[in-house]
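Reader: I have a structure in front of me and would like to learn how to read it. Could we start with how packed helices are described?

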Amino acid sequence: YQPYQAETKANTPEAFHASGTCETAGVTSVLGALTKNSRDVFHILLVAQLASADLSGLAYHKFYERCNANFLVTSDQSFKILLLELEDHDIIKRKKVGGAELLYIPLEKAALKEIHEKITQDNMQA
């Protein structure tokens with residue numbers, strides 16, 4: 001074994017963010033530890049964000065409506081609880097745009113596509 005600093009020298013945040021590996025692996029790792037409802041809520045946002053030309057995300061009320069229509073949440077309160085869990089893990093963020101609150105996944109398009117493929121593959125195997 002080498003000293004800790006030597007073994008982790010290549011694992012700097014800059015090295016991971018340059019390749020996107022840490023971001024993708026980190027998000028998929030977090031998703032694996034979450035409930036199915038949380039993963040499904042994340043997936044709805046992921047699909048919506050990939051479908052938008054500018055990767056802007058999804059307005060809060062539209063996001064809630066889609067989750068409710070898919071029977072993932074039954075109330076605004078249950079939606080907020082799931083969002084809080086995803087936000088606590090830093091895999092979704094909020095921003096205000098023109099008075100509307102948008103929720104988005106703070107990753108590049110290539111990382112979003114990779115996560116989508118992984119989720120789709122995992123769903124097919126389940």
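Author: Two packed helices are described by the angle between their axes and by the distance between those axes. This is a predicted model. In it, helix α4 (residues 36-51) packs with helix α5 (residues 60-69) at an angle of about 125 degrees, and the two axes are 10 Å apart.

Reader: What word describes how α4 lies relative to α5?

Author: The angle of about 125 degrees makes α4 oblique to α5. Their crossing is right-handed.

Reader: Which residues make the contact between α4 and α5?

Author: On the α4 side they are V41, I44, L45 and A48, and on the α5 side F63, R66 and C67.

Reader: How do the residues of the contact of α4 with α5 divide into nonpolar, polar and charged?

Author: Six are nonpolar, none is polar and one is charged.

Reader: Let us take another pair. At what angle do α4 and helix α6 cross?

Author: Helix α6 spans residues 76-88, and its axis crosses that of α4 at roughly 80 degrees. The axes come within 10 Å. An angle from 65 to 115 degrees counts as roughly perpendicular, so α4 and α6 are roughly perpendicular to each other.

Reader: Which residues meet there, and how do they divide by type?

Author: From α4 come N37, S38, V41 and F42, and from α6 come F79, L82, E85 and L86. The contact of α4 with α6 divides into five nonpolar residues, two polar and one charged. V41 appears in this contact and also in the contact of α4 with α5.

Reader: Now a single residue. Where does L34 lie, and is L34 buried or exposed?

Author: L34 lies in the loop between α3 and α4. A residue counts as buried when its relative accessible area is under 20%. L34 has a relative accessible area of 8%, so L34 is buried.

Reader: Which residues is L34 in contact with, leaving aside neighbours within four places in sequence?

Author: With those neighbours left aside, L34 is in contact with R39, E85, L86, H89 and I91. E85 and L86 also belong to the α6 side of the contact with α4. Between L34 and E85 there are two separations to read: 51 residues in sequence, and 8.6 Å in space from C-alpha to C-alpha.

Reader: Can we do one more residue? In which helix is T24 found, and is T24 buried or exposed?

Author: T24 is found in helix α3 (residues 21-33). T24 is buried, because its relative accessible area is 5%. Apart from neighbours within four places in sequence, T24 is in contact with A111, E114 and I115.

Reader: Where is E114 found, and how far apart are E114 and T24?

Author: E114 is found in helix α7 (residues 109-125). The C-alpha atoms of E114 and T24 are 7.2 Å apart, although 90 residues separate them in sequence. Unlike T24, which is buried, E114 is partly exposed, with a relative accessible area of 45%.

Reader: How many helices and strands are there, and in what order do they run?

Author: The protein chain has seven helices and three strands. From the N terminus on, the order is α-α-α-α-β-α-α-β-β-α.

Reader: And what are the totals for the protein chain?

Author: Of its 126 residues, 33% are buried. Among contacts with a separation of 6 or more, 54% join residues 24 or more positions apart. The accessible surface comes to about 8,000 Å², and carbon and sulfur atoms account for 55% of that surface.

Methods
Residues numbered from 1 in each chain as written. Predicted model: local features only at pLDDT ≥ 70, side-chain atom pairs only at ≥ 80, totals over all residues. Heavy atoms only, no water. Axes fitted to C-alpha atoms, helices over the stretch in contact; angles between N-to-C directions. Helix = DSSP H or I, 4+ residues; strand = E, 2+ residues; numbered from the N terminus. Parallel < 35°, antiparallel > 145°, perpendicular 65-115°, else oblique. Left-handed = near helix turned anticlockwise from the far one by under 90°. Contact = heavy atoms within 4.5 Å. Nonpolar A, V, L, I, M, F, W, Y, C, P; charged D, E, K, R; others polar. Buried < 20%, exposed > 50% of the residue type's maximum accessible area, 1.4 Å probe, protein only. Areas by Shrake-Rupley, 256 points an atom, 1.4 Å probe, with all protein chains shown as cover.
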